[in-house]
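Welcome, and please have your viewer ready with the cartoon and side chains switched on. We will make a short walk along one helix and its surroundings.

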Amino acid sequence: TIPPFFEQPDAVRPYFARLREFRDTLVSEGTDPAMLRELSMGMSHDFDVAVREGATIVRLGTAIFGKRA
């Protein structure tokens, strides 16, 4: 998931938490956990919040390559 951009990265926490909760609900209702192993959420600006909320995949292009021209 890619939440709205906020200057303060912690403001996206509810979006990441909701996705994790949704995944957990699906698993508790019988979806095979192997089908929902990954949580792709977070980008360079907010990846630390995403990881704290359970992200297993983050996009770090700007952190690695810098801002686009």
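Before selecting anything, keep one cut-off in mind: a residue counts as buried under 20% relative accessible area and as exposed over 50%. Remember too that this is a predicted model.

Start by selecting residues 13-28, which form helix α1. At 1.5 Å a residue, the 16 residues of α1 should span 22 Å, and the end C-alpha atoms are indeed 22 Å apart, so expectation and model agree.

Next, show the side chains of F16, A17 and R23, which are buried in α1. Look down the helix axis: the buried residues fall within an arc of 125°, so they line one face of α1. An α-helix has 3.6 residues a turn, so residues three or four places apart point the same way.

What lies over that face? Add β1 (40-43) and α2 (47-52) to your selection, as both are among the elements that cover the buried residues of α1.

Now turn the helix around. On the face of α1 pointing away from its buried side you will find the exposed residues P14 and S28.

Stay with S28, still within α1. Is S28 buried or exposed? Its relative accessibility is 63%, so S28 counts as exposed. Zoom in on its side chain, where a polar atom lies 2.9 Å from the backbone oxygen of T25. Then draw a distance from S28 to D48: these residues are 20 apart along the chain, and their C-alpha atoms are separated by 26 Å.

For the last stop, pick G30, just after α1, and check its backbone torsions: phi is positive there, at about 115°.

Methods:
Residues numbered from 1 in each chain as written. Predicted model: local features only at pLDDT ≥ 70, side-chain atom pairs only at ≥ 80, totals over all residues. Heavy atoms only, no water. Helix = DSSP H or I, 4+ residues; strand = E, 2+ residues; numbered from the N terminus. Expected span 1.5 Å × (residues − 1). Buried < 20%, exposed > 50% of the residue type's maximum accessible area, 1.4 Å probe, protein only. Arc of directions from axis to C-beta. Contact = heavy atoms within 4.5 Å. Polar contact = N/O pair within 3.5 Å; in protein donor to acceptor, adjacent residues only side chain to side chain.
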